[in-house]
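Open the model in your viewer and set the ligand to sticks. We will go from single contacts out to the domains.

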Amino acid sequence: MTYCTEIKTLFETLGLAAPTDSAGGIAVHTPIDGSLLARVAPSTDAQVGAAIARAQARALSWRDSPAPKRGDLVRAFGEAVRRHKQPLGRLISLETGKIVQEGLGEVQEVVDICEFAVGLSRQLYGLSIASERAEHKLLETWHPLGVVGIISAFNFPMAVFAWNAALALVCGNTLVWKPSEKAPLSALALSGLLLQTSTELGLEAEGLSELLIGERAVGEALVAHPAVKLVSATGSTTMGRAVGIACAAQFKRSLLELGGNNAAIVCPSSNLELVVRGVAFSAAGTAGQRCTSLRRLIVHRSIYAALVAALVRVFERLPVGDPLADGTLVGPLIDQRAFDAMQQALKGARDAGAQVHFGDREAVGEAAAFYVRPAIVELATQSGPMLQETFAPILYVVPYDSFDEAIAINNAVSHGLSSAVFTQDLREAEVFTSARGSDCGIANVNIGTSGAEIGGAFGGEKETGGGRESGSDAWKAYMRRATNTINYGSSLPLAQGIRFEV
Ligand code: NAD
């Protein structure tokens, strides 16, 4: 069976209509061999406007539904996703080239965030605050925003939507989703399942979760629409800068989840066996195409040679190949652009005098598929391409002498998403996670930089955008807060003791 035929079968298994092939539509290729999976029609301007209008109308009734009732939808959706974990995981692998285990892991993340949101639907607490006035009550109440726009990147074509959607829905909002033009099939399947679930529950599905297909211009139209009250955008810093500025110009809320240039510090006391495993998964897993992928390794000079030699031995043996085959750990890059960017970064490093191990194209698949052996790049100091995010498996390694210097190197880049320290020294671990330690949104000890759990708030600082999604109190981004002062007496005392007698 060709991959194109398999896509149709997968949609049938999910009980959904297969994507209609649209001549002149956006061509979706599988990175596995570069073959065409489908051509999907982009949304026209009129369709974008109509979808947002439907979401705006539906938001008026959805906000009146009690939050635990809204949780019922998210629970049923999560159960539907769990039942269809295999075909959904397979679809992610076909569309993005993730290895089977990682495709399934992403679907599990969708299930997990739905469970989290169902619990949350009974915990959208406000505060009761002591009033300075007699017979007065001060409260904080939380209300839905209305329409939440979601823009997602290619590399997590289902999980990013779910992190936003599960929370936004229980918070009483409706959704308009613009997925990556490189992964619209995963979006068609997941949003199809959500609408199928709403209909099965007897809910009015129209406007609850609208899907827009298209490239950047469709995303721009979503951001520009006045009915969209929050834009949650996941992708490159270039995209986030444009979206953030457009939102600010309208005083619109934005939640930005952007690039990362993530580092790990390896200290002399660390367990090197654990380090090698943690580094290999973080740097080479998902072919280096996670926002949290490990890109910089900062190694104490005393263990530098031994660790680099161990990593070279592991990277040399990494099974690169067909992501659907048993045993493969590194699948293909998403496309030729990603491959070219990787080669350009490696050239820049070589020109700067780096020692480059691996990074070449592997002879796997067809001419239109881009498989690479993850690269290790040794530099004397942090410089050149190491200061940028290249969305490919390149691990830059530099030595350090003092722990303060290592932290300074960790923090000396423009992104601030994920970071880690490998150490058995309590003081180093505590300093790294303290105010004078890592400046990232994620700071781990003795695990790698990638693979966050949904229970914590996820996101990063600086050019990573500052947004937080998923667990903890990230739900607050999807609601507006009102402070209510209630006078249950018969006099009118003013705050701050002001007297204003009329
Ligand atoms: P991208 O920025 O090219 O595209 C992301 C999405 O933004 C797409 O849907 C695209 O159509 C849309 N878009 C682009 N420009 C836009 C604009 N001006 N206005 C509105 N929409 C616009 O990113 P990508 O190549 O799909 O994904 C890789 C990037 O995403 C990496 O930088 C990675 O680090 C980042 N990422 C971040 C996170 C996170 O949570 N921090 C998660 C996944 C990926």
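**Around the ligand**

Start with Ser236: one of its polar side-chain atoms lies 2.6 Å from a ligand oxygen. Keep in mind that this is a predicted model.

Now select Glu389. Here too a polar side-chain atom is 2.6 Å from an oxygen atom of the ligand. Next, pick Gly235. This time the polar atom belongs to the backbone, and an oxygen atom of the ligand is 3.4 Å away.

How much of the ligand's accessible area does the protein cover? Of the 860 Å² that the ligand has on its own, 91% is covered.

Widen the selection to the full shell. It holds 28 residues, and the closest include Lys178, Glu181 and Leu258. Colour the shell by residue class: 12 are nonpolar, nine polar and seven charged.

Show the pocket surfaces. The ligand sits in the largest pocket. Then turn on the cartoon and find helix H8 (216-224) and helix H9 (237-249), the elements that give two or more residues to the shell.

Last, colour by domain. Where does the ligand lie relative to domain 1 (3-258) and domain 2 (262-445)? Both domains give residues to the shell, so the ligand lies between them.

Terms used. Residues numbered from 1 in each chain as written. Predicted model: local features only at pLDDT ≥ 70, side-chain atom pairs only at ≥ 80, totals over all residues. Heavy atoms only, no water. Near = heavy atom within 4 Å. Polar contact = N/O pair within 3.5 Å; in protein donor to acceptor, adjacent residues only side chain to side chain. Areas by Shrake-Rupley, 256 points an atom, 1.4 Å probe, with all protein chains shown as cover. 1 Å grid on protein atoms, 1.4 Å probe; cavity = no way out; pocket = protein on both sides within 12 Å on 5 of 7 lines; lining within 4 Å. Sits in = over half its atoms within 2 Å of the grid points. Helix = DSSP H or I, 4+ residues; strand = E, 2+ residues; numbered from the N terminus. Nonpolar A, V, L, I, M, F, W, Y, C, P; charged D, E, K, R; others polar. Domains from an automatic or database assignment.
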